[in-house]
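Here are some short exercises to work through with the model open beside you. Try each task before reading its solution.

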Amino acid sequence: RRYPQQGVVTVTADSLHQRAAPIAVALAVTTLAGVIADVVCMAQVLTLGGAAVLLLIFPLSGIGLAIPAVVITPMVDRYPRLRMLRIVGLGTAVAYILVLALLPIAPMLAVSLGWIVAALQTYMYPMLLWSLAGDLFNVTESRHVNGWISSWGYVGRLLALAIVALAPVLLGALGLPLTAVLVLAPLLTAGSALWLTHRLRDAGASQGTREPVGVKQALRSGLEFVTEVRMWRWMVTGATISFVAATAVSLGVSAASAAILGDNPAGLQMLLAGTQLIATVTSLVVQRWLSKPLIARIGIRGGLMVQPVAIVIAGLALALSCYWHSIALLAFAVLAWRVPEWTLDQTSKSAALGYVPDQRRARVSLILVLFSNALAWVLCAVVAAPGVLLGPLWLVGALPALVGLVALLWWTRLYRGWDRTLLDRQLKRRKRATSLDF
């Protein structure tokens with residue numbers, strides 16, 4: 001038995017999990033909705049437009065991420081956190097309803113818009129959830145609870161991929177189109193937002209600064225923190241380079257899938273869902289039993305080094321998959337890239353956000369996740385274009401591997417200077433002394 005020392009709060013793993021349960025469930029449900037829309041819409045885009053259309057869709061998705069981010073940036077720290085979660089959740093549900101309405105009229109426009117909405121949901125809503133977690137847990141607690149919260153995201157992804165993989169068979173037997181499963185997206189998204197904000201109404205989430213902030217002022221506030229604090233300047237730059245390489249791998253995987261299977265929407269949907277399903281199961285195992293001890297051993301800075309190494313390996317595997325038309329190597333490429341991104345990298349970045357002051361955390365998170373990803377989605381088309389348009393196709397793996405190598409060299413700088421960057425006076429210190437009893 002542990003006895004609390006004077007001035008120290010003793011916290012057990014069970015109590016942390018109980019406090020984090022609403023956030024974990026919300027992450028699972030929003031992931032379920034987003035992944036269903038993402039895979040179904042991507043399979044339809046590849047079938048209707050081919051791999052070359054991805055060179056247009058990905059940059060448009062980047063712009064689609066950036067514009068809402070610019071609109072929301074002044075609001076995320078000004079207004080109460082739960083209100084923002086409710087606004088974003090219900091707004092996303094309305095966007096999905098618009099997609100469903102467009103399907104009979106303009107299917108290509110509808111599935112392209114649906115994929116962009118799914119991407120926006122995948123990045124923005126979890127970012128707000130992690131900011132909420134930062135409100136409720138200090139840095140020490142975050143190191144132990146973030147991995148547990150993330151594992152629920154994998155549960156949602158697992159359920160979504162199982163639904164999408166089985167949908168062609170079930171919907172075919174019922175005589176329904178493959179896109180019929182998209183009706184789940186708005187229902188799950190709206191339900192999750194309303195339930196979470198009601199469940200945590202008295203949990204102590206940030207109530208906002210209440211000060212009117214313009215777009216330029218809000219962006220400047222976040223950018224000043226990033227540019228002035230060496231740790232975050234290096235992190236955002238390294239994350240952007242990594243995102244460019246990772247998004248180019250994602251584009252390459254879709255292009256390779258289309259090249260291997262051809263005009264087969266059901267087969268494409270099952271292949272995309274199946275490969276991600278394997279990655280999700282593996283990620284769930286890693287996050288459940290390996291992530292926490294690994295982070296404890298290698299630290300946050302070590303966890304941040306994993307993703308660029310994984311991207312290089314995934315890019316090379318993807319290049320060989322294209323060269324030999326191998327589905328097995330394609331699946332390995334997805335596994336090599338997705339598992340580290342969904343486990344150690346996500347947990348490490350979420351823990352690093354705990355060092356950001358409360359009043360700037362959401363804005364810095366927007367820059368780290370949304371703006372970096374938006375820029376990456378635009379630039380990834382430049383990286384993938386030679387392989388998709390000119391050939392040979394294996395370049396869609398080889399070129400992202402080169403960009404991943406550049407990212408690895410950059411992250412090495414942060415790794416070596418990590419201890420010095422933590423001394424910056426603008427970084428947040430722990431909210432209180434805490435003894436964690438596990």
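**Exercise 1: a helix pair**

Task: Describe how α8 and helix α13 (residues 395-416) pack.

Solution: Start with the numbers: in this predicted model, the two helices pack at an angle of about 165 degrees, with their axes 9 Å apart. Axes here are lines fitted to C-alpha atoms, for helices over the stretch in contact, and angles run from 0 to 180 degrees between N-to-C directions. Next, classify the angle: α8 is roughly antiparallel to α13, because angles over 145 degrees count as roughly antiparallel.

Before going on, some ground rules. Residues are numbered from 1 along each chain as its sequence is written, and side-chain values use heavy atoms, leaving out hydrogens and water. Local features need pLDDT of at least 70 and side-chain atom pairs count only at pLDDT 80 or more, while totals for chains, interfaces and linings use all residues.

**Exercise 2: the core**

Task: Which helix gives the most to the largest nonpolar core?

Solution: First, find the core, a set of buried (under 20% relative accessible area, 1.4 Å probe, protein chains only) Ala, Val, Leu, Ile, Met, Phe, Trp, Tyr and Cys residues joined through side-chain atoms within 4.5 Å. The largest one has 135 residues, of which Trp232, Met235 and Leu318 touch the most other members. Helix α8 (residues 230-261) gives the most, with 18 residues.

**Exercise 3: one residue's partners**

Task: What is methionine 235 in contact with, leaving aside its neighbours within four places in sequence?

Solution: Look for heavy atoms within 4.5 Å, the cut-off for contact. Methionine 235 then has Leu304, Lys349, Ala352, Leu368, Trp411 and Leu414 as partners.

How values were computed. Buried < 20%, exposed > 50% of the residue type's maximum accessible area, 1.4 Å probe, protein only. Helix = DSSP H or I, 4+ residues; strand = E, 2+ residues; numbered from the N terminus. Parallel < 35°, antiparallel > 145°, perpendicular 65-115°, else oblique.
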